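Trainee: I keep meeting words like "buried" and "edge-to-face", and I'd like to know what earns a residue such a label. Can we go through a structure together?

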Amino acid sequence: MRMLLLAGTALMALASTAATAQVSNNTVKIGVLNDRSGIYADLAGEGSAIAARMAAEEFGNKVAGAPIEIVVADHQNKADIAASKAREWVDAENVDVIADVPNSAAALAVQGITRDKKRIFLMSGPGATALTGAQCSPYGFQWAYDNYAMAAGTGRALMEQGKKSWYFVTADYAFGQSLEEETTKMVKQLGGTVAGSVRHPLGTADFSSFLLQAQASQAQVIGLANAGADATNAVKQAAEFGITQGGQSLAGLLLFITDIHALGLQAAQGLMFTEGFYWDLDDQTREWSKKFEAKAGKKPTMVQAGVYSAVRHYLKAVEAAGGDDPDKVAAKMRELPVQDMFAKNGKVAANGRMFHDMYLVRVKKPNESRGAWDYYEIVKTIPAEQAYLDPAKSGCPLVK
């Protein structure tokens with residue numbers, strides 16, 4: 001009997017070794033790289049790390065027989081710091097996949113490194129369309145949204161309301177420039193005009209001069225091509241200048257639920273914008289968001305929910321591929337449907353863009369809200385095929 005037990009134990013050990021043999025360094029290591037202290041910390045930050053851990057917990061913190069480890073770092077919204085950390089993670093710390101990375105300049109820098117070093121890159125934070133366009137990667141996946149979707153949703157909705165002349169207040173770096181460019185294309189395609197734009201540095205506290213120029217343009221719509229604290233500061237100060245009272249519309253081209261929470265419904269009521277996720281969509285989103293809130297103390301943003309979905313899909317692909325070989329995992333990520341509380345029947349295109357439905361939302365008036373975080377009215381669902389650019393037109397060389 002003792003011999004049989006020993007033989008059984010030996011076979012189990014061999015099976016275990018075989019199961020983990022395809023996982024490099026016997027650990028699947030995920031690095032969440034984002035802004036943990038600056039203007040994007042609220043919409044990403046520790047909340048994105050929590051979301052990644054929630055995905056790992058669903059797998060029992062093990063995949064393909066190997067433990068899952070999650071590490072975090074602050075890129076401080078600087079492309080050079082993001083690139084340095086990504087290189088250190090890959091070369092010295094055996095990180096297999098990098099997730100989140102809000103700030104398009106930082107993401108473009110990380111995209112180059114992960115492409116060269118063959119590491120999976122799960123982008124939930126950055127919006128620049130170049131990430132799945134001219135600068136796409138076999139290992140890069142843009143998950144929660146992109147600037148084309150923001151322009152297609154919000155730009156089209158306002159144009160359909162007859163608001164056809166625009167002026168932009170734009171964050172002066174890759175993300176803001178891309179968002180202005182995509183929205184300009186949409187406005188002109190639909191017969192509108194762009195009176196001009198003014199650009200501000202990332203992390204601007206005083207928008208007075210920028211808003212006065214926008215006000216003087218007399219354009220029907222002032223498009224805010226910025227995000228995070230820049231967007232909320234601009235919205236607050238626009239109210240102080242009486243911009244909407246003067247007849248101009250304010251379009252937040254990228255707003256998050258944490259921005260609305262910070263602004264309050266009194267200031268934010270009536271804003272229309274495009275979202276990729278809302279905690280109160282259905283039973284699945286409510287259940288997951290309740291768990292998230294218990295850990296984070298707030299409801300999740302589109303970026304944070306997107307980190308969960310992307311990491312979960314990556315882990316499913318590792319299981320299906322039988323290991324963490326990046327070429328095999330990337331192929332499985334494109335092959336498998338995305339089915340979770342974030343994306344219903346999502347799919348990954350050849351250029352790395354994850355197609356899922358988006359939502360045009362309107363911020364409720366204070367008297368319409370039932371309580372904390374009850375902020376959105378879903379105006380319409382935008383089908384994935386309408387929300388995102390046809391991969392064949394993206395300029396990504398991976399699309400044949």
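What follows is a talk about labels and the values behind them.

Mentor: Sure. Keep in mind that this is a predicted model.

Trainee: Let's start with rings. How many aromatic pairs are there?

Mentor: The structure holds eleven of them. One is made by Phe207 and Phe210, with 6.1 Å centre to centre and 65° between the planes.

Trainee: What makes Phe207 and Phe210 an aromatic pair, and why is it called edge-to-face?

Mentor: Ring centres have to lie within 6.5 Å to pair, and planes over 60 degrees apart count as edge-to-face. Phe207 and Phe210 have 6.1 Å and 65°, so they get both labels. Both residues, Phe207 and Phe210, are buried too.

Trainee: And how do you know that Phe273 and Tyr376 are edge-to-face?

Mentor: Same routine! Their planes are 85° apart, and the label needs over 60 degrees, so edge-to-face it is. The centres of Phe273 and Tyr376 are 5.5 Å apart, which fits within the 6.5 Å cut-off.

Trainee: What does the pair of Phe273 and Tyr376 tie together?

Mentor: Phe273 belongs to strand 11 (residues 272-275) and Tyr376 to strand 15 (residues 376-382), so the pair links parts that are 103 residues apart in sequence.

Trainee: Why is Phe273 called buried?

Mentor: Buried means under 20% relative accessible area. Phe273 has 0%, so it passes. Tyr376 is at 3%, so it counts as buried as well.

Trainee: Which residues form one aromatic cluster with Phe273?

Mentor: Tyr278, Trp279 and Tyr376 join Phe273 in one cluster. Trp279 also has a charge over its ring: the charged end of Lys299 sits there, 4.3 Å from the ring centre.

Trainee: Now the loops. Is Asn25 buried or exposed, and how do you know?

Mentor: Exposed means over 50%, and Asn25 has a relative accessible area of 52%, so it is exposed. You'll find Asn25 in the loop between helix 1 (2-20) and strand 1 (28-34). Its backbone has a positive phi of about 55°, although Asn25 is not a glycine.

Trainee: Ala64 has a positive phi as well, near 50°. Why is Ala64 called buried?

Mentor: Ala64 has a relative accessible area of 18%, and the limit is under 20%, so buried is the word. This residue is in the loop between strand 2 (62-63) and strand 3 (66-74).

Trainee: What makes Arg353 buried?

Mentor: Arg353 is at 1% relative accessibility, under the 20% limit, so it counts as buried. Arg353 is in the loop between strand 12 (347-348) and strand 13 (354-355). Its C-alpha is 9.2 Å from that of Leu389, and the two are 36 residues apart in sequence.

Trainee: And Ser394, in the segment after helix 14 (384-387)?

Mentor: Ser394 has 15%, under 20%, so Ser394 is buried. Its C-alpha is separated by 10.0 Å from that of Gln135, 259 residues away along the chain.

Trainee: One more topic, the largest cavity. How do you know that it lies between domain 1 and domain 2?

Mentor: Look at who lines the cavity. Domain 1 (28-145 + 281-348) and domain 2 (148-275 + 359-380) both give residues to the lining, so the largest cavity lies between them. Its volume is about 80 Å³, and 14 residues line it, including Tyr40 and Leu254.

Trainee: What classes of residue make up that lining?

Mentor: Ten are nonpolar, four are polar and none is charged.

Terms used. Residues numbered from 1 in each chain as written. Predicted model: local features only at pLDDT ≥ 70, side-chain atom pairs only at ≥ 80, totals over all residues. Heavy atoms only, no water. Phe/Tyr/Trp six-rings, centres within 6.5 Å; stacked < 30°, edge-to-face > 60°. Buried < 20%, exposed > 50% of the residue type's maximum accessible area, 1.4 Å probe, protein only. Helix = DSSP H or I, 4+ residues; strand = E, 2+ residues; numbered from the N terminus. Lys NZ or Arg CZ within 6 Å of the ring centre and 35° of its normal. 1 Å grid on protein atoms, 1.4 Å probe; cavity = no way out; pocket = protein on both sides within 12 Å on 5 of 7 lines; lining within 4 Å. Points joined across faces, edges and corners; volume = space filled by probe spheres on them. Nonpolar A, V, L, I, M, F, W, Y, C, P; charged D, E, K, R; others polar. Domains from an automatic or database assignment.
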